[in-house]
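Dear colleague,

I am passing on the structure that we spoke about, and I would be glad if you could look through it alongside the notes below.

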Amino acid sequence: MEGIAGRKPALIWAVHLSVVLLVVLWTLPTFGLLVSSFRDKDQLSVSGWWTSLTSTERNLVVRAPAPDDKGAQRQEGAFHVITGNVFDGGGAGAVSAFGVSSQDPSAFAVGETAVLKDGERVSVTETGDFRIEADQPMTGKRGQRLFVTVLEPPLFTLDNYRTVLLSEGIGRSFINTLTVTIPATIIPILIAAFAGYALAWMRFPGRTFLVAMVVGLIVVPLQMSLIPLLRLYTDIGIGKSYVGIWLAHTGFGLPLAIYLLRNYIKGLPKEIIESARVDGASDFEIFVKIVLPLSFPALASFAIFQFLWVWNDLLVATVFLGNNEEQLVMTGRLRELLGSRGGNWEILTASAFVSIAVPLAVFFALQRYLVRGLLAGSVK
Amino acid sequence: MSSVSLKEVGKSYGRVEVLRGINLEIETGELIVFVGPSGCGKSTLLRMIAGLETITAGDLSIDDERMNDVPPAQRGIAMVFQTYALYPHMSVRDNMAFGMKIAKKPKAEIEAAVSKAARILQLEPYLDRLPKALSGGQRQRVAIGRAIVRDPKVFLFDEPLSNLDAALRVATRIEIAHLKESMPDSTMIYVTHDQVEAMTLADRIVVLNGGNIEQVGAPLELYENPRNVFVAQFIGSPAMNLLDATVTATGTQTTVGRADGPAVVVPIASQASDQARPVRLGVRPEDLVLTEAEDALIEAEVDLVEALGETTVLYLKGANGGAGTIAKLPGIHPVKKGTRVRLKADPAKLHLFDEAGISFRHR
Amino acid sequence: MEQLLVALGSMALGVGACALYFWGSNRLLDLVFPARSAHAAANIRRANLIRPWLFLGPAVIILTVYLVYPVLNSIWLSLHGRTGEEFVGLDNYVWLFGDDGFRESIRNNLLWLVVVPAASTFFGLIAAALTDRIAWGNIAKSLIFMPMAISFIGASVIWKFIYDVRAADVEQIGLLNAIVVALGGAPQAWIALPFWNNFFLMVILIWIQTGFAMVILSAALRGIPEETVEAAVLDGANPLQIFLKIKVPQIWGTIAVVWTTITILVLKVFDIVLAMTNGQWGTQVLANFMFDWMFRGLDFGRAATIALVIMALVVPIMIWNIREAQKDA
Ligand SMILES: Nc1ncnc2c1ncn2[C@@H]1O[C@H](COP(=O)(O)OP(=O)(O)O)[C@@H](O)[C@H]1O
Ligand SMILES: [Mg+2]
């Protein structure tokens, strides 16, 4: 198609634009999550992530030092003065307006002076310095309340990740997920590769039936298995353990694994396997020394599938693992956080990103194999 | 001593019989070629000798030991496949050493065998390459090297040259011939559908057709004295012409009369019972020569001329079962399409076949 | 640190045990029937009778325990009461077909079954067709394909953030409401909006599955013989006609495969509903409904009955799959 003469440039632009639109639609949600997870938690809760590069207007309420506190008041000439900065308690930005009562929190512009009922004069500068001035010494146990409107610069921070990894248990869940995922990826591959070889190249009665059975089992919904297996596990005392979930994931992943690997192994040149047989290799040796190395692409693509599937699984983990610190996996933790911290977006976004970071990295690094596996599995 | 012996060997896939009643004695040190059209069962027979297919009838012995149930590795054979079947993930060296490693031979012995084979096949510079970094001819040499390393009693080749281009095919063929000379004690069985390979390489040729052996013999014996119509037409190119005729006189010589030509006296014996029997008179295109004589064997109109320089091939209308007679004349002849030509042949080079297709010489 | 070591240890143990089985059992077989002895031929024949089952053994056992037995056991359970003890005949089925939650789930599942495969395939086809025509198509594909790597629960967090709603008088931090407000509308609690909320949940699965459809359809499109397209160009067809009349008809088979694959997935979808609404506001689906009866209702009989309904829905696809596979073999 590249070389066909007379293609319309307008059409090509339309194609480019449509693809840009699609890509934006498909990446924006994740991008928003990523940006949000790095934002200051106070900003995150008051403004959309798309405004994160512009300053945020925020209303602060600060209390000046109480006049009765030691050292709070100074005498400057004829006046008694209390000074300070509205950002003493944290934060930064430019003050645009201030007020002295909650009725009208932005009554005065910076530079103006507000006169209180008792004659005290209050002024706030743009940098947040305030000054309360009175002719007599001021009294009172509580300091004057100041309402300021602040234009905050964008704040990005790693605090959310720090919180999530250290105190919300995501770090622990990360290890738990890893403990589930790695054996639950390798064991089915090993078992499926041996079975795939047997179904492809060994002769024995019942082979056709087994192949049909494997194909049929690919679509069995795993919901089906939950209750019987849960009862079985309780009966034989496996209970909620890692071994239990490894085997469960192995069982659920096995039909597709066997099917994919058998098809691949069957596609290897017959002569190579016969040649090894003439060379005196047994089936085990042929499998280990010839078939396994040659099947690497298929093994890799299934490994990625299974890895993503197990890492991202919630259902099987909820059913076969406990809800305790030692066993809660990341998806389970995320679900818990959605329930208990539903409004705390700084926690949710960071946790979600921690949980999707590994699969995303695997995805981008090994996409080639993933695509190959998908194609082997579904295009005839 | 007979190296490989087949007795009443047959093969069926379920109810489909692809080989039947194969009897063959192959001598030690012989290079025997199985030749025949595609699908006739050559590969199947070879793979049965190798142990890659089960033998469903008869007996196979190698060095007088019954081999029907012996696994391939223990038969003392090595096989070279058409597609080379090199292990793509192993270097040339590892490919050649694989069999000995499986057999747990000592390292030094493996090393010695591999370098010897590499030397014979001039593969030394490539020992550490992967097969994908080799040309087709080199790959085929590695496959042969792998067989040599196994030091087998019998080499089996299944169309080893079919995947090579024409020039390489000739070169590798010559190389195999040299290889055979350098290993006079090895028996080789070579499968091909190409008669040139068969004629040039073989000590003896086995012509297979439809699951049967048609004839076994030295290359020129098959050429000069084919047992039947199939062999006669399969060996030689273009194929032998067959002219319809009827026996008119019998004895030590046979006279046949023809509808489209004069009677011919052929120096082949026949019996009285052959009198009036319909036969086919065979004459090879290269045995025909132009003549002016009135009683020429063939007189016909030229349909097509192929002037190749070295030879001139004439396609004549009629005769030869209606397909048209072919004549292959040495050198250049200024014959035009549409002219009538007369051709004769040395009677000693004629063949006679009965209705069943069997040659009179073989009855 | 210690956790990590324990984790590593148990991983090694699990994988090692599996590898040891294969190696050990084959070794044992070779010792029992040595291939280099007086009876080599007979030994090898006997070993070859046994070896396939050594290779297949674990697979067959695990498939039986984890998939075949559960199907049979579920049928048995569905005929029994909440703990699987007393026999109740068809009570569970009678209950199920009269239950409002079930009707709601079936209705929603049918909606999902119609909308999600159709939309994913449609967007996937468009994305495949468009990205194949441009130089940076592979990058675009990779980005559209990316959600595939994200867990349903992660995706739910992502989209919950998009659907977030705040009071009308403060700034919206959910993208959707921000757009609605910017266009002059009033913010909505999207996931609580009756009926339509189903579609907002479906969007998540469509978002995830479009990449899958795109990758496969793009391969199919590239597999179309170039000549047919060139012939159509010579016949004067415009790009849209070529796409609709020449290319799409040639990949119907693949479209069907994509469609059924997504259909199967839709039937099992559970995480998204659980995380977004937990079946409230009229969004219940079968898989979550079953989960509810299993863990909150603690009624194994009813839960198994619901699982069987899901199973019944995939059986036609299963039969079709087996037929197709046998055609190939
Ligand atoms: N596994 C099989 N099942 C049934 N028929 C087969 C099988 N393998 C080969 N055949 C048939 O056996 C015949 C001989 O095949 P083959 O030995 O490969 O022929 P060739 O002489 O071309 O090498 C062919 O007709 C082929 O169709
Ligand atoms: Mg052949």
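What follows is a short account of the chain interfaces and of one pocket.

Please bear in mind throughout that this is a predicted model.

I begin with chains C and A. Here 110 residues of chain C are in contact with 111 residues of chain A, and the area buried between the two chains is about 9900 Å², with carbon and sulfur atoms giving 80% of that figure. Within the area that chain C buries against chain A, the three residues C:Phe55, C:Tyr66 and C:Phe161 supply 8%, which is more than any other three residues. Between chain C and chain A there are zero salt bridges, whereas eight residue pairs are in polar contact, counting pairs with both residues at pLDDT 80 or more. On the side of chain C that touches chain A, the largest share, 22 residues, is contributed by helix H2 of chain C, residues 40-78. Sorted by class, that side of chain C comprises 80 nonpolar, 19 polar and eleven charged residues.

The interface of chain C with chain B can be described more briefly. Five residues of chain C are in contact with five residues of chain B, and the buried area between these two chains is about 390 Å², of which 54% is given by carbon and sulfur atoms. The side of chain C that touches chain B has three nonpolar and two charged residues, with no polar ones. Zero salt bridges are counted between chain C and chain B, and the rule likewise finds zero residue pairs in polar contact across this interface, again with both residues required to be at pLDDT 80 or more.

Finally, there is the second largest pocket, whose volume is about 840 Å³. Its lining is made up of 31 residues, and those lying nearest the centre of the pocket are C:Ala129, C:Leu130, C:Arg133, C:Phe243 and C:Lys247. Which helices supply at least two residues each to the lining of this pocket? From chain A there is helix H1 (9-37), and from chain C there are helices H4 (100-131), H8 (196-223), H9 (226-234), H10 (239-250) and H11 (252-268). Of these, H4 of chain C provides the largest share of the lining, namely eight residues. By class, the lining of the second largest pocket divides into 22 nonpolar, two polar and seven charged residues.

With best regards

Definitions and conventions
Residues are numbered from 1 along each chain as its sequence is written. Chains are lettered from A and ligands numbered from 1 in the order in which they are written. This is a predicted model: local features need pLDDT of at least 70, side-chain atom pairs count only at pLDDT 80 or more; totals for chains, interfaces and linings use all residues. Side-chain values use heavy atoms; hydrogens and water are left out. Contact means heavy atoms within 4.5 Å. Buried area is the accessible area (1.4 Å probe) that two parts lose on being put together, summed over both. A salt bridge is a side-chain nitrogen of Lys or Arg within 4 Å of a carboxyl oxygen of Asp or Glu. A polar contact is a pair of N or O atoms within 3.5 Å; within protein, one must be able to donate a hydrogen and the other to accept it, and residues adjacent in sequence count only if both atoms are side-chain atoms. Ala, Val, Leu, Ile, Met, Phe, Trp, Tyr, Cys and Pro count as nonpolar, Asp, Glu, Lys and Arg as charged, and the others, Gly among them, as polar. On a 1 Å grid over the protein atoms alone, a cavity is a set of points where a 1.4 Å probe fits but cannot get out, and a pocket is an open set with protein on both sides within 12 Å along at least five of seven lines; lining residues have an atom within 4 Å of a point. Grid points are joined across faces, edges and corners, and a volume is the space filled by probe spheres set on the points. Helices (H or I, at least four residues) and strands (E, at least two) are DSSP runs, numbered from the N terminus.
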